[in-house]
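These are my notebook entries, written for someone who has not met this structure before. I went from one residue outwards to the chains as a whole.

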Number of protein chains: 2
Amino acid sequence: MKTYKDLSPSLRTIMTPGPVEVDPRVLRSMSYPILGQFDPEFTELMNETMEMLRDVFQTNNQWAFPIDGTSRSGIEAVLVSIIEPGDKVLVPIYGRFGHLLVEISERCGAEVAIIEQEWGTVFDPIDIVTAIEREKPTIVAMVHGETSTGCIQKLDGIGAACREVDALLVVDAVATIGGVPVKTDEWGLDAVIGGTQKCLSVPSGMSPITYNDRVEARVQRRKTIERGLREKGSPVAIGKTVASNYFDLGMLQDYWSPKRLNHHTEATTMLYALREGLRLVLQEGLEERFLRHKRHESALVAGLQAMGLTLFGDPLCKLPVVTCIRIPSGVDGEAVRSMLLNSFGIEIASSFGPLKGQIWRIGTMGFSCNQKNVLHVLGALEATLHWYGVDVSVGKALQAALAVYALDGEG
Amino acid sequence: MKTYKDLSPSLRTIMTPGPVEVDPRVLRSMSYPILGQFDPEFTELMNETMEMLRDVFQTNNQWAFPIDGTSRSGIEAVLVSIIEPGDKVLVPIYGRFGHLLVEISERCGAEVAIIEQEWGTVFDPIDIVTAIEREKPTIVAMVHGETSTGCIQKLDGIGAACREVDALLVVDAVATIGGVPVKTDEWGLDAVIGGTQKCLSVPSGMSPITYNDRVEARVQRRKTIERGLREKGSPVAIGKTVASNYFDLGMLQDYWSPKRLNHHTEATTMLYALREGLRLVLQEGLEERFLRHKRHESALVAGLQAMGLTLFGDPLCKLPVVTCIRIPSGVDGEAVRSMLLNSFGIEIASSFGPLKGQIWRIGTMGFSCNQKNVLHVLGALEATLHWYGVDVSVGKALQAALAVYALDGEG
């Protein structure tokens with residue numbers, strides 16, 4: 001029989017837009033013995049996680065809990081629970097993850113209307129408001145931070161416009177939660193989906209979500225209609241009931257409420273990790289954490305520009321936690337990434353769709369977002385480009401980054 | 001701001017039908033630093049996990065990988081990927097989890113036919129074969145081991161009967177995989193869903209599945225039809241395309257194949273845990289592991305009977321990894337469970353539906369299935385019942401269990 005080696009992963013410097021490095025304190029929490037899912041000690045940990053999620057989502061919503069799956073599971077849980085077949089969903093697209101929202105909505109039976117912006121730019125919020133007034137959708141689904149392009153979409157006024165036409169606003173904040181302000185209540189967001197493996201720096205495998213009473217009412221209405229049909233013995237029309245058991249928010253919230261109605265078996269160890277990750281976020285302080293992300297982004301950008309590299313995307317909408325770099329012409333982007341990985345133990349990301357082969361993407365997220373990592377990636381990228389004979393301004397990148405840190409009182 | 005305490009879970013003896021205790025080696029693996037999802041070191045771990053899953057499922061299927069969610073996510077992934085609206089699904093029900101198969105199938109738009117057996121019994125396989133011949137379903141979905149009743153269903157001849165009518169046989173082996181033989185290929189099972197948090201003793205949060213080329217053909221046919229409609233610009237009828245992105249086996253297998261088409265971000269740490277858990281299963285040896293489960297079940301049952309307690313369910317179909325006990329009349333089952341937890345640090349399970357308040361359920365699964373735990377739970381249950389004034393034969397349970405172990409050469 002084939003034997004398998006002891007697990008022994010190399011220690012990487014992970015500078016992608018996720019998954020990123022995990023704080024050792026979070027990793028440690030995952031090595032603790034498990035508790036049963038209805039053990040009072042465990043349900044208390046579930047409750048604490050909900051409380052902390054409310055703080056991180058900046059909301060007073062009752063419902064804030066993780067979906068037990070990776071980030072897109074949270075998106076799907078929200079959409080499948082509120083979309084009824086034939087509902088019109090408006091999706092403003094400015095990168096790959098807008099397309100994911102379209103695809104999930106279509107699979108839920110929605111009629112999808114889209115508006116598009118060129119990759120590397122975002123919408124003027126006015127244009128989204130205009131589209132909402134024109135389309136009068138049931139749901140608006142959009143991405144807050146697009147890791148595919150390194151852009152962040154301002155959400156001003158969109159929540160209010162949705163309420164005017166009684167639409168629900170669903171926001172994919174997978175890339176921004178914990179790294180960039182996400183003001184759920186102040187911005188009038190009805191449902192927000194976060195990711196664990198990016199700025200929260202918890203391993204992939206859970207997706208924290210929050211939603212308000214407008215969303216809950218939509219979910220409960222479907223449940224009531226379904227119950228009524230069943231009581232009459234009428235068949236439940238396909239799509240009228242939530243198409244998923246695993247992602248049915250009505251059932252999930254009964255499990256996360258004091259009722260504790262049995263649904264799935266909560267993912268014990270991932271819950272430990274999320275609780276610990278949130279605890280560290282709140283210990284650091286949200287505002288301090290956002291400033292930290294800005295500081296290291298500034299140093300990274302200063303270094304890249306000093307090297308003579310060009311950033312991709314409109315600087316006015318740059319996402320602070322992802323920096324996209326145009327691959328210099330004639331350079332094999334994948335060869336550079338391989339050398340970074342194999343010689344320096346650094347992972348940076350390639351890109352998708354129209355940007356494939358055009359840009360590299362460097363994340364400065366969560367635990368990976370620190371001075372040591374930023375300086376290591378700048379030094380390594382400079383040396384690698386130099387090795388491949390690219391005309392970079394040798395010796396300037398680290399000086400420029402150090403200058404940013406010195407200004408910031410950290411040098 | 002509220003502060004949250006350091007994580008410090010109590011050390012429980014978890015004798016439920018899951019989640020159960022996790023081997024410290026698996027817990028340790030979860031504290032290791034993460035790798036990026038396309039890091040060659042990580043994709044190698046994914047490949048090894050697939051290989052080991054094939055061994056544990058006793059199959060030569062190409063496809064054997066985990067769904068990133070809890071056990072029911074694996075069930076839903078299989079069903080949503082193969083059920084087209086209007087398909088007839090036959091579900092033989094003999095406990096709670098049969099009803100879950102019905103519910104998920106209905107949400108996928110299936111017309112569900114059911115046959116039922118009283119809880120605590122199972123079907124004569126002939127009766128299932130007869131129902132298959134009568135109903136001519138597209139899919140037969142059934143539970144192998146019912147944790148709700150502690151019964152195991154023989155699957156003889158059912159795979160062959162399904163092939164006669166071109167039905168796919170989907171088996172929920174969540175409770176049995178790694179504890180009781182599950183012979184995917186020999187029994188002609190087309191898709192099998194396992195659980196991590198039971199006999200594999202990995203925390204909840206992943207669901208390993210396997211499926212054969214008959215299932216793959218069904219999935220690919222849907223993809224082809226959908227692609228054809230899209231190319232013609234025709235709308236894709238609701239339900240014709242797989243209703244889920246997250247659970248679409250066609251996309252998931254592209255991610256788990258050498259193509260590595262990006263889908264979700266694999267749950268890194270859970271994958272470490274599953275790989276380590278499978279490694280330990282294969283190190284122990286499947287046959288040895290099944291014998292271990294039988295041995296500790298025998299000791300537990302001997303002890304319970306010596307105490308004067310009565311088991312629930314037909315002994316001819318007893319699931320070796322779950323033992324159901326009738327709560328003696330006049331005893332508050334929940335008070336006993338609380339005392340076991342609070343005084344002895346032991347968790348046993350209550351029950352569902354028609355059995356609520358009628359039985360306790362004790363699991364002997366995976367890492368929890370050991371002599372120390374069995375003796376501790378017997379001693380604790382005897383003392384607790386005695387404390388509450390129940391007429392138990394004091395002093396006999398441990399002697400009876402020890403006698404089983406002594407016979408087995410382990411005393």
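I began with a polar contact in this predicted model: the backbone oxygen of A:Thr147 lies 2.8 Å from a polar atom of the side chain of A:Arg361. I then looked up where A:Arg361 sits, and found the residue in strand β13 of chain A, which covers residues 359–363.

Is A:Arg361 buried or exposed? I noted a relative accessible area of 6% for A:Arg361, and since buried means under 20%, A:Arg361 counts as buried. I also listed the contacts of A:Arg361, leaving aside its neighbours within four places in sequence, and found among them A:Met15, A:Pro17, A:Thr147, A:Ser148, A:Cys324 and A:Phe352. In the unreviewed UniProt entry, the annotation "binding site" covers A:Arg361, and I record this as coming from that entry, where annotations may be inferred rather than shown by experiment.

A:Phe352, one of the contacts of A:Arg361, turned up again when I checked charges over rings: the charged end of A:Arg96 sits over the ring of A:Phe352, 4.1 Å from its centre. For chain B I noted that the charged end of B:Arg96 sits over the ring of B:Phe97, 5.4 Å from the centre of that ring.

Next I turned to the aromatic rings. How many aromatic pairs are there over all chains? The count comes to 21. One that I looked up is formed by B:Tyr246 and B:Phe247, whose ring centres are 5.3 Å apart with 65° between the planes, an edge-to-face pair, because planes over 60 degrees apart count as edge-to-face. Both partners are buried by the same cut-off of under 20%, as B:Tyr246 has 2% relative accessibility and B:Phe247 has 0%. In chain A, I wrote down one aromatic cluster, formed by A:Phe38, A:Trp63, A:Phe65, A:Tyr211, A:Tyr255 and A:Trp256.

Last, I asked how the two chains are related. Chain B can be laid on chain A with an RMSD of 0.0 Å by a turn of 180° and a shift of 0.0 Å along the axis, and that is the relation of a two-fold axis. Which residue of chain B comes closest to the rotation axis? I found that this is B:Gly69, with its C-alpha at 2.4 Å from the axis. Since 99% of the interface residues of chain B are also interface residues in chain A, I noted that the copies meet through the same surface.

Terms used:
Residues are numbered from 1 along each chain as its sequence is written. Chains are lettered from A and ligands numbered from 1 in the order in which they are written. This is a predicted model: local features need pLDDT of at least 70, side-chain atom pairs count only at pLDDT 80 or more; totals for chains, interfaces and linings use all residues. Side-chain values use heavy atoms; hydrogens and water are left out. Copies are superposed by least squares on the C-alpha atoms of residues with pLDDT of at least 70 in both. Contact means heavy atoms within 4.5 Å. Rings of Phe, Tyr and Trp (its six-membered ring) pair if their centres lie within 6.5 Å; planes under 30 degrees apart count as stacked, over 60 as edge-to-face and the rest as tilted. Buried means under 20% relative accessible area, exposed over 50%, partly exposed in between (1.4 Å probe, protein chains only). A charge sits over a ring if NZ of Lys or CZ of Arg is within 6 Å of the ring centre and within 35 degrees of the ring normal. Helices (H or I, at least four residues) and strands (E, at least two) are DSSP runs, numbered from the N terminus. A polar contact is a pair of N or O atoms within 3.5 Å; within protein, one must be able to donate a hydrogen and the other to accept it, and residues adjacent in sequence count only if both atoms are side-chain atoms.
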